[in-house]
Amino acid sequence: MKFAPISDRLTGLGAAKWAVHVEGLRRASLGEPVILLSIGEPDLPPPASVLDKATSSLRAGRTRYAAGQGEPETLLAIADHLTRRSGFRVTPEQVLFTAGTQNGLCTALLTLVQAGDEVLVPDPYYATYEGLVAASGATFVPVPTLPEDNFHVTARAIENAITSRTKVLLLNTPSNPTGAVLSVSEIDAIGDVCERHDLWIICDEVYADMTYDAPFCSPFDRPHLRDRTLAVSSISKSHALPGFRAGWVASHPDVTPRLILVAEAMLFGSQPFIEDALAVALNEKHPEVERLRLAFRERAETLIKSFEGSKAITARMPEGGMFVMLDIRKTKLTGEQFAWQLLKQENVSVMPGESFGNGGAGHIRIALTVDSAILRDACARIRSLAEKLVAAVN
Ligand SMILES: Cc1ncc(COP(=O)(O)O)c(C=O)c1O
């Protein structure tokens, strides 16, 4: 059998990263008391009115083909949402409905880059990014960040990684896995570099509604950067609806028609009743959205307290999102070794930091997707394992 090189390029970029999680799930399915902190699915209920709209719309026959770009009212709802956020007028012509952020990122990358191009990605990065860039044929170029800088990427590090082949900077703020939220001045400094080198910015904003204290800032909201930015997001996290596969790409009006061509080649429209629900999600205020944000913040604080005074683990408060990176370097294990031991000895499933790039080495990523009592229990087990390991080293 002969295949195109795309599946060769993608081989090995997926499943291995999730091996601990898959084993945790397998053990849980056998009835073992595993605490699963390895997947980013919000555990609180989605807004009731969004679910109501999806069902009423489904019953009303909104089950036919949707328009390739998206349904007009949904595009308007997304545009209005971005207008309220940025303070400048975003029009429906600037919006493409996508099957979630992942599909939006894929559409954006396929539209902008190909083999021979380079895509810069701050490291650590979300686990699917390598595959997304590889699918386009472009080269993935990690840009290092440091735990001591709370994993904030600097304009200088980005500039150092630029070559004549660099076409795109793929940003993610708030970040999964690090919880870093880029400030206005950081975005502007990074944007200056992108302007100087004429780079596109793709900004994955799927956690935009989940900042704790630091205000969210997107390059799409900065007047001098918006024309080179493709803002990609969804209601998967903010509204606890990952299964709806409902998101968008917002960009310059001249970019959208190009994105539509690529989107139509892959999917040609979505489910109108889901699009109707997305419009309700964005047009109305839902207490569930704020409840989620507050829950993740409170759990992050609970977690940080659980590691106070630990000589084995450094836990830094994330600035947003639903994850915390724990620095376990003092145990002298890799994140991967620690995660396996934790699962086997303490029945807690977490992601090795290495699954998110070299920048995550010596860390584990905790998803804040269980209530505080369970989280406290999991943290006590993590702390106990780490302290035993450190005692054995010394
Ligand atoms: C940073 C990041 N981007 C994209 C996604 C995928 O989002 P969606 O469900 O909207 O495709 C996730 C999901 O975990 C994520 O963490």
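What covers the buried residues of α4? In this predicted model, the cover includes β2 (95-98), β8 (247-250) and α10.

Let's stay with that helix for a moment. Helix α4 spans residues 72-86, which makes 15 residues, and runs 21 Å from its first C-alpha to its last, close to the 21 Å expected at 1.5 Å a residue. Its buried residues are Thr74, Leu75, Ala77, Ile78, Ala79, His81 and Leu82. As background, an α-helix has 3.6 residues a turn, so residues three or four places apart point the same way. Right after α4 comes Gly87, with a positive phi of about 80°.

Helix α10 turns up again in the core. The largest nonpolar core has 118 residues, and Ile202 and Ile366 touch the most other members. Helix α10 (residues 272-283) gives this core its largest share, 8 residues. Both domains feed in as well: domain 1 (6-45 + 287-393) and domain 2 (48-283) each put at least three residues into the core. And who sits around Ile202? If you skip its neighbours within four places in sequence, Ile202 is in contact with Leu105, Ala108, Val168, Leu170, Leu230 and Val232. In general, nonpolar side chains in soluble globular proteins tend to be buried together.

Now for the two domains themselves. The protein splits into domain 1 (6-45 + 287-393) and domain 2 (48-283), and their C-alpha centres are 26 Å apart. Where they touch, domain 1 brings 34 residues and domain 2 brings 32 residues. On the domain 1 side, α1 (6-10), α11 (287-306) and β10 (323-327) each supply at least two residues. The largest share of that side, 5 residues, belongs to α11.

Then there's the ligand. It has 13 residues around it, and the closest are Gly100, Thr101, Asn176, Ser234 and Ser236. Helix α5 (residues 100-112) makes the largest contribution to this shell, with 3 residues.

Here is how the ligand shell and the domain 1 side of the contact break down by class:

| Set of residues | Nonpolar | Polar | Charged |
|---|---|---|---|
| Shell around the ligand | 3 residues | 9 residues | 1 residue |
| Side of domain 1 that touches domain 2 | 15 residues | 10 residues | 9 residues |

So much for the classes; one last look at the shell. Which helix gives the largest share of the shell around the ligand? That is α5, residues 100-112, while Gly100 and Thr101 are among the closest residues to the ligand.

Notes:
Residues are numbered from 1 along each chain as its sequence is written. This is a predicted model: local features need pLDDT of at least 70, side-chain atom pairs count only at pLDDT 80 or more; totals for chains, interfaces and linings use all residues. A residue is near a molecule or strand if its C-beta atom, placed from the backbone, lies within 6 Å of it. Helices (H or I, at least four residues) and strands (E, at least two) are DSSP runs, numbered from the N terminus. Ala, Val, Leu, Ile, Met, Phe, Trp, Tyr, Cys and Pro count as nonpolar, Asp, Glu, Lys and Arg as charged, and the others, Gly among them, as polar. A nonpolar core is a set of buried Ala, Val, Leu, Ile, Met, Phe, Trp, Tyr and Cys residues joined through C-beta atoms within 7 Å. A residue is buried if 20 or more other C-beta atoms lie within 10 Å of its own, exposed if 12 or fewer, and partly exposed in between; C-beta atoms are placed from the backbone. Domain bounds come from an automatic or database domain assignment. Two residues are in contact if their C-beta atoms, placed from the backbone, lie within 7 Å. The expected span of a helix is 1.5 Å times one less than its number of residues.
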